[in-house]
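Open the model in your viewer and keep the sequence panel visible. The stops below are given in the order in which to select them.

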Amino acid sequence: MESLNVFKTKVKFCGNKSLEDYEASVKTDADYLGFVFARSKRQVTPDQVAQWVALVHPRNKRLVGIFVNQSKEFILHAIRTVPLDVVQCHGDEDLTFIKDLKAESDVDIWKVIHHEDESTVDKLKPFLGTIDGFVVDKKVGNQYGGTGTSFNWGHIPLYDKVSCENDIPYLIAGGINVETLQELLPFSPQGIDLSSGIEENFAKSEEKMNLIERMVREHDKRTNTR
Ligand SMILES: O=C(O)c1ccccc1N[C@@H]1O[C@H](COP(=O)(O)O)[C@@H](O)[C@H]1O
């Protein structure tokens with residue numbers, strides 16, 4: 001009989017910026033596919049993503065739109081154009097902004113927290129009870145994400161505790177790739193979010209995505225049979 005408490009690390013493949021990237025990501029077993037609608041070398045438009053999704057069904061994956069300090073009107077336009085399941089607020093969006101957005105949409109809202117030190121976890125507090133999930137990433141200069149840079153993963157238990165106490169999911173982001181994942185998995189994060197680490201020549205690499213998934217599956221098998 002299957003155990004009732006089987007733990008599956010959630011996987012998000014982010015920064016799909018072409019039909020080819022999207023097709024490669026759809027073939028994987030990822031739980032979430034992300035599209036960056038903010039200024040970035042991976043920026044895409046809602047119209048582009050709508051076309052790809054009309055051509056290739058996302059199967060059982062949830063679609064996530066990434067926004068950085070963009071207007072509520074633009075985010076609502078993206079939600080109307082693309083069948084997004086989640087809006088990931090990756091900038092300095094405050095509680096009022098997120099409450100307004102929630103009032104006018106029916107998608108999940110995730111807030112990104114940029115880890116600096118052990119006190120960063122407190123920045124989540126005002127959002128608890130409003131957001132549907134959070135992502136912990138690392139800011140580099142004025143770059144809010146997609147930098148390939150990790151934070152000190154020794155602090156993951158702080159975020160895990162907030163997640164468990166408030167029954168709210170989270171993903172760890174920033175600098176995850178086939179090499180660094182070995183160091184991250186012992187912390188058993190609830191989910192992982194990758195953008196630059198699954199690219200080869202600036203396109204999504206099926207080989208890297210498959211390897212990441214294999215590593216995660218093996219980790220899950222080991223921890224579930226402990
Ligand atoms: O991927 C981007 O280009 C990006 C740009 C601006 C904001 C967020 C972005 N992506 C998010 O960044 C992290 C992971 O980045 P990486 O793996 O270190 O490259 C993740 O949350 C993406 O959703």
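What follows is a tour of a predicted model, from the overall sheet to single residues.

**Stop 1: the annotated span.** Select residues 12-212. The UniProt record, an unreviewed entry, annotates this range as "domain: N-(5'phosphoribosyl) anthranilate isomerase (PRAI)". The C-alpha atoms at the two ends of residues 12-212 are 11 Å apart. Helix makes up 29% of the span and strand 20%.

**Stop 2: the barrel.** Switch to a cartoon view and colour the strands. Eight of them form a closed barrel in the order β1-β2-β3-β4-β5-β6-β7-β8, and the pairing is parallel. On average, neighbouring strands of this sheet are turned by 25° against each other, with direction ignored. Now add helix α4, residues 95-103, which packs on the sheet and touches β4 (86-89) and β5 (108-114). The direction of α4 makes about 160° with that of β5.

**Stop 3: strand β7.** Select residues 170-173. Which residues point each way from β7? Tyr-170 and Ile-172 go one way, Leu-171 and Ala-173 the other, and all are buried. This fits a general pattern: side chains in a regular strand alternate between the two faces of the sheet. On one side, β6 (133-137) is joined to β7 by three bridges, and the two strands run parallel. Within this pairing, Val-136 stands opposite Ile-172.

**Stop 4: strand β8.** Move on to residues 191-194. Are the faces of β8 covered or open? Both are covered: Gly-191 and Asp-193 on one side, and Ile-192 and Leu-194 on the other, are all buried. Two bridges connect β7 to β8, again in the parallel sense, and here Ile-172 has Ile-192 as its bridge partner. With strand β1, residues 10-13, β8 pairs in parallel over four bridges. To see that pairing, show Val-11, whose bridge partner in β8 is Ile-192, and Lys-12, which stands opposite Asp-193.

**Stop 5: Leu-194.** Stay in strand β8 and centre on Leu-194. Why is Leu-194 classed as buried? It has 29 C-beta neighbours inside 10 Å, and the cut-off for buried is 20 or more. Leaving out residues up to four places away in sequence, Leu-194 touches Phe-13, Cys-14, Ile-176 and Ile-212. For a distance check, pick the C-alpha atoms of Leu-194 and Ile-172: they are 8.7 Å apart, with their positions 22 residues apart along the chain.

**Stop 6: Ile-198.** Step out of the strand to Ile-198, in the loop between β8 and β9 (199-200). Ile-198 counts as buried because it has 29 C-beta neighbours inside 10 Å. Apart from neighbours within four places in sequence, the contacts of Ile-198 are Phe-13, Lys-204, Ser-205, Lys-208, Met-209 and Ile-212. Then pick Arg-80, 118 residues away along the chain; the C-alpha atoms of Arg-80 and Ile-198 are separated by 29 Å.

**Stop 7: the ligand.** Finish by selecting the ligand and its shell. How many residues surround the ligand? There are 26, and the closest are Gly-145, Gly-146, Ala-173, Ser-195 and Ser-196. The elements giving two or more residues to this shell are β2 (32-36), β6 (133-137) and β8. Colour the shell by class to find 10 nonpolar, 13 polar and three charged residues. Ala-173, among the closest to the ligand, is also one of the buried residues of β7 from stop 3.

How values were computed:
Residues numbered from 1 in each chain as written. Predicted model: local features only at pLDDT ≥ 70, side-chain atom pairs only at ≥ 80, totals over all residues. Buried ≥ 20, exposed ≤ 12 C-beta atoms within 10 Å, placed from the backbone. Pairing = 2+ DSSP bridges. UniProt positions renumbered as here; feature names shortened; annotations may be inferred. Near = placed C-beta within 6 Å. Nonpolar A, V, L, I, M, F, W, Y, C, P; charged D, E, K, R; others polar. Contact = placed C-beta atoms within 7 Å. Axes fitted to C-alpha atoms, helices over the stretch in contact; angles between N-to-C directions.
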